[in-house]
Amino acid sequence: MVSRVIPVQPFDLVIFGGTGDLARRKILPALFRRFCAGQMAEDARVIGAARGDMNAAGYRGFARDAITEFDGDITMMEAHLARFLEQVDYVTLDAAGDVGWPELAAKLTGADHTRAFYFSVGPALFGPLATRLYDHGLASPGCRIVVEKPFGRDLASARKLNAVLAEHFDETQIYRIDHYLGKETVQNLMAIRFANTLFEPLWNSQYVDHMQITVAESGGVGTRGGYYDKSGAMRDMMQNHIMQLLCLTAMEPPAKYDPDSVRDEKLKVIRALDPVEPGDVVRGQYESTDTLPGYRNEVENRDTTTESFVALKARIGNWRWAGTPFYLRTGKRLRARASEIAVVFKDAPHSIFGADAGRHRNILTIRLQPNEGIEMGVTIKEPGPGGMRLVDVPLDMTFSEALGPQSEDIPDAYERLIMDVIRGDQTLFMRGDEVEAAWAWTDPIIEGWEAAGTQPELYSTGSSGPDDALALIHRDGRRWREIKP
């Protein structure tokens, strides 16, 4: 089975914040990998734009260093790299002023090139960039802008950002990027549900006991402490990444696989979410150990009440999911780096095998990281004499094993999403009303914490999180799945 690479049309991609960490770690290496795959046209242009005083040669050196650092050994691709760098340029530019904008306009090619602008900057610069693109005649009707999270920090700020962008760009031109939606397994979730008659008839409250969505990280906040302490796990992960996973897991089948049909169904899920009761949400903060600093040490704020862990029980008030809880959790400094969606099916309505059968249950697990794949747990008879002894075994499709060498060619999330921008495909990007609906559900939870003035519960590094998070699910007679790599 050979992976097909479909070239995209010629484009000019301007990376505002072109010397920043995201450009260095993700955007430039992703573009280079797509170039090596033959997906970028020979006359495509990548233009870095930042305040730093640098010429084109200097930026090509910056790009070379970034690609070398984050793509490993590129000895076999040196010829590709030299050709790729010929398509890279740079302009010194002030996002909030007028310096550099005429020079940027001069570097852009004609109408036959798709024009895209990547806002790899803080949200405070989204408005100034949008305004100057328009004022300098660069916001052509067919151009696109890519907006990184955080998209607001509450409903009011999200609405304000949406309004600012809407002054100069149509919704069809705005690509709000969430890299989780670019993961291969996340997209496979839709294929599993809607391309197989095996699962969709069972994908409802009649057969599903509950669902668990876990995004666990083994590292702490590190150098992101300043940003993270102003957001916390609820704003940084739950409101966007996990919300998107919840939507794809719970949504109704769209009429067809196109951007608005998919996003319409996701929006319905968010709007159907019941308010979260105070007793159904737990937040925590990791402690120091003999070798590792605690959260408060890393953010250099001894009085902070910002959470590094959140677990909650969500309920969706519609016919498909009435009575089926969704347990969501995310946190830092946990036992392992692991992200998964687990669909836990109900017990058989009647067991002919006695009490032993009640300890076995079918679980469909979609692993997002670190080893992307899908696993279905089924119950079988344990081999050998001695009666009917039941045992659970996995039907495992780890992509690296099932697809062989082809799995090595699976693009990472940024590769896929950037190419989708160039194609004009918004399916994997958030729409403005979707973002606002997510904040409308999240805000009351955060406001409740602030009004109560409570402290996050401390938890040990390398654990599964606070004890209260275990009690959250145990009191319902259920258990969290083990966090393991």
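The following exercises, with worked solutions, concern pockets, salt bridges, a cavity and one helix of a predicted model.

Residues are numbered from 1 along each chain as its sequence is written, and side-chain values use heavy atoms, with hydrogens and water left out. In this predicted model local features need pLDDT of at least 70 and side-chain atom pairs count only at pLDDT 80 or more, while totals for chains, interfaces and linings use all residues.

**Exercise 1. The second largest pocket**

Task: Describe the volume of the second largest pocket and the composition of its lining.

Solution.
- Step 1. On a 1 Å grid over the protein atoms alone, a pocket is an open set of points with protein on both sides within 12 Å along at least five of seven lines; a cavity is a set where a 1.4 Å probe fits but cannot get out; lining residues have an atom within 4 Å of a point.
- Step 2. A volume is the space filled by probe spheres set on the points, which are joined across faces, edges and corners. For the second largest pocket the value is about 860 Å³.
- Step 3. The lining comprises 36 residues, and Glu340, Ile363, Thr365, Arg481 and Glu482 are the closest to the centre.
- Step 4. At least two lining residues come from each of β7 (208–216), β11 (338–345), β12 (363–369), β13 (373–381) and β14 (390–398). Strands (E, at least two residues) and helices (H or I, at least four) are DSSP runs, numbered from the N terminus.
- Step 5. By class, 15 lining residues are charged, 12 polar and nine nonpolar. Here Asp, Glu, Lys and Arg count as charged, Ala, Val, Leu, Ile, Met, Phe, Trp, Tyr, Cys and Pro as nonpolar, and the others, Gly among them, as polar.

**Exercise 2. Salt bridges and exposure**

Task: State how many salt bridges the structure holds, and classify the partners Arg83 and Glu42, Glu171 and Arg176, and Arg367 and Glu375 by exposure.

Solution.
- Step 1. The count is 35, where a salt bridge is a side-chain nitrogen of Lys or Arg within 4 Å of a carboxyl oxygen of Asp or Glu.
- Step 2. Arg83 and Glu42 meet at 2.8 Å, N to O. Arg83 belongs to helix α3 (residues 78–86) and Glu42 to the loop between α1 (21–36) and β2 (45–50), so the pair ties together parts 41 residues apart in sequence.
- Step 3. Buried means under 20% relative accessible area, exposed over 50%, and partly exposed in between (1.4 Å probe, protein chains only). Arg83, at 34%, is therefore partly exposed, and Glu42, at 56%, is exposed.
- Step 4. Glu171 and Arg176 meet at 2.6 Å, N to O; Glu171 is partly exposed at 29%, whereas Arg176 is buried at 2%.
- Step 5. Arg367 and Glu375 meet at 3.7 Å, N to O; Arg367 is buried at 17%, and Glu375 is partly exposed at 23%.
- Step 6. Shared partners join the salt bridges of Asp260, Arg263, Asp264, Arg431 and Asp433 into one network.

**Exercise 3. The largest cavity**

Task: Characterise the lining of the largest cavity.

Solution.
- Step 1. The largest cavity has a volume of about 100 Å³.
- Step 2. Its lining has 13 residues, with Phe151, Gln239, Asn240, Met430 and Val435 nearest the centre.
- Step 3. Helices α9 (232–250) and α14 (432–452) each supply at least two of the lining residues.
- Step 4. The lining divides into six nonpolar, four polar and three charged residues.

**Exercise 4. Helix α10**

Task: Compare the expected span of helix α10 with the distance between its end C-alpha atoms.

Solution.
- Step 1. The expected span is 1.5 Å times one less than the number of residues.
- Step 2. For the 14 residues of α10 (residues 259–272) this gives 20 Å, and the end C-alpha atoms are 20 Å apart, so the two agree.
- Step 3. The buried residues of α10 include Val262, Arg263, Leu267 and Ile270. Their cover includes α7 (184–194), α9 and α14.

Methods
Contact = heavy atoms within 4.5 Å.
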